[in-house]
Amino acid sequence: SGGKRAQVVAHGLAYAAGVVGAMLALAALVLALKAAGEQVGWGFQFQEPRFLIGLCALLVAFALNCFGAFEVLSGAAGLDRAVRARQGLARSAMEGVLAVALATPCSAPFLGSAVAYALTAPAYVTLLVFACVGIGLALPLLLLCLLPDGRRFVPRPGAWMGWVKQAMGFALLLTVVWLLWLLGRSAGVDAQAQVMVALLALAAIAWVYGLALSRMPSRQLPLLVLALLTAGGVFYLGVDLRAARPLAAPVGHGYAPWSHAAVRAALAARRPVFVDFSADWCITCKYNERHVLAQPRVLAAFAEHQVVLLRADWSRRDAAIRSVLQSFGRPGVPMVLLYDPAKPAGPPQLLPEILSEEVVLQALASLAPQPLP
């Protein structure tokens with residue numbers, strides 16, 4: 001906010017370019033996987049342990065940069081202003097890419113219809129929809145940069161910026177904790193421990209790089225290349241997912257793992273079936289589970305109607321779950337279905353992505369009364 005207007009606009013455009021470029025890259029990956037016969041959905045990249053590991057490494061490096069452990073090609077003697085300016089814009093673009101990488105598991109309830117259409121449409125439509133989603137994500141910050149008076153809403157630069165930068169480092173590390181939890185769920189605690197050790201080694205490499213750069217500022221590019229190669233070697237040699245043992249699908253409050261056979265068996269026994277399609281990395285799913293489905297009123301209603309509770313865990317790849325999601329036009333989780341035994345051949349009720357106690361109770365009240373055993 002303290003720079004010239006042209007600089008502010010340039011950074012806003014770089015951020016937008018990073019967001020839209022990342023969305024188009026994601027769309028291209030989706031199209032490539034579809035062409036190869038894979039079934040994909042929104043947020044599918046969080047099912048891959050390697051993606052989680054890479055994101056952990058990136059966020060740890062960002063956090064260490066916020067703490068001042070090292071700087072990447074900034075303020076070095078011998079570099080002209082043009083190079084420094086490009087590095088600054090590149091960072092803004094990278095922040096846009098990171099926003100896309102972290103936003104997808106939280107945005108499914110708001111983008112469900114558009115993304116479901118995009119995943120089944122021709123390639124050019126898929127690219128167009130993903131690009132529009134990227135523009136929407138980048139638009140608030142871009143407008144703040146483009147509007148002549150936009151900087152009035154931004155506090156003046158000062159020493160507080162350094163404090164906020166360091167505080168953001170802790171926020172990034174908190175995100176790493178969440179990603180490590182996801183990794184433990186999908187690849188097991190052994191893989192999780194390996195990654196934690198590799199991240200500690202990465203932190204040590206970044207610290208040594210910062211010390212070396214302070215003593216030899218004129219050799220920062222060779223030092224950076226050496227640090228990156230060393231960090232890459234540490235992760236390649238130190239993390240082995242071949243023997244990974246995923247944890248069992250989470251169940252609780254009477255839930256059992258979902259399957260087509262379990263649904264058919266419950267309906268044959270004249271029992272209603274409530275199926276929660278969820279994933280560990282889906283924040284909305286966890287909100288629904290904790291603040292709605294685990295509440296006493298809802299649990300009492302489940303017991304009153306003798307509902308069979310099933311949970312379809314999409315934290316890892318599952319072709320059967322993906323097929324059901326596609327059949328209901330959903331690109332990903334959350335999705336909640338309620339089967340009525342009085343209409344076993346009919347379609348189940350499709351509940352909203354973001355649940356409330358009233359919505360669930362009304363859906364249960366619409367079921368035909370079941371006789372007591």
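## A walk around the β1–β5 sheet

In the sheet, strands β1 and β3 pair in the parallel sense, over two bridges. Pairing here asks for at least two bridges found by DSSP between two strands, and the strands themselves are DSSP runs (E, at least two residues), while helices are runs of H or I with at least four residues, all numbered from the N terminus. Within this pairing, P257 has R311 of β3 as its bridge partner.

Before going further, keep in mind that this is a predicted model, in which local features need pLDDT of at least 70 and side-chain atom pairs count only at pLDDT 80 or more, while totals for chains, interfaces and linings use all residues. Residues are numbered from 1 along each chain as its sequence is written, and side-chain values use heavy atoms, with hydrogens and water left out.

### The sheet

Now the wider view. The five strands form an open sheet with mixed pairing, in the order β1-β3-β2-β4-β5. At the edges sit β1 (256-257) and β5 (349-351), each pairing on one side only. Helix α8 (residues 260-268) packs on this sheet and touches β2, β3 and β4 (335-339), with its direction making about 160° with that of β2. Angles like this run from 0 to 180 degrees between N-to-C directions, and axes are lines fitted to C-alpha atoms, for helices over the stretch in contact.

Strands β2 (residues 273-278) and β3 (residues 308-313) run parallel and are joined by six bridges. Across that pairing, F274 stands opposite L309, and V275 stands opposite L310.

How much of β3 is buried? Six of its six residues are, so β3 is largely enclosed by the rest of the structure. Buried means under 20% relative accessible area, exposed means over 50%, and partly exposed is in between (1.4 Å probe, protein chains only). From β3, V308, L310 and A312 point one way, while L309, R311 and D313 point the other way.

### Two residues beside β3

W258 sits in the loop between β1 and α8 and counts as buried, at 13% relative accessibility. Its C-alpha atom and that of R311 are separated by 5.2 Å, although the two residues are 53 places apart along the chain. Leaving aside neighbours within four places in sequence, W258 is in contact (heavy atoms within 4.5 Å) with nine residues' worth of side company, including V275, F277, L310, R311 and A312.

D276 belongs to strand β2, and at 3% relative accessibility D276 is buried too. Not counting residues up to four places away in sequence, D276 touches several residues, among them Y255, E289, L310, R311, A312 and M335.

### Loops with something unusual in the backbone

Two residues that aren't glycine have a positive phi, and here they are together.

| Residue | Phi | Loop | Relative accessible area |
|---|---|---|---|
| R270 | about 65° | between α8 and β2 | 47%, partly exposed |
| Q306 | near 55° | between α10 (296-304) and β3 | 15%, buried |

Another backbone feature is the peptide bond from V333 to P334, which is cis, with omega near 10°. P334 lies in the loop between α11 (319-327) and β4.

### Away from the sheet: the helices

Two packed helices are described by the angle between their axes and the distance between the axes. For helix α2 (residues 49-66) and helix α5 (residues 160-187), the angle is about 165° and the axes are 8 Å apart. The two helices are therefore roughly antiparallel to each other; on this scale, angles under 35 degrees count as roughly parallel, over 145 as roughly antiparallel, 65 to 115 as roughly perpendicular and the rest as oblique.

Is the crossing of α2 and α5 left-handed or right-handed? It's left-handed, a word used if the near helix is turned anticlockwise from the far one by less than a right angle, with clockwise being right-handed. The contact of α2 with α5 has 18 nonpolar, five polar and one charged residues. Here Ala, Val, Leu, Ile, Met, Phe, Trp, Tyr, Cys and Pro count as nonpolar, Asp, Glu, Lys and Arg as charged, and the others, Gly among them, as polar.

Last comes helix α3 (residues 81-120), which holds L111. Leaving aside neighbours within four places in sequence, L111 is in contact with W42 and V133. The C-alpha atoms of L111 and P331 are separated by 8.8 Å, and these residues are 220 apart along the chain.
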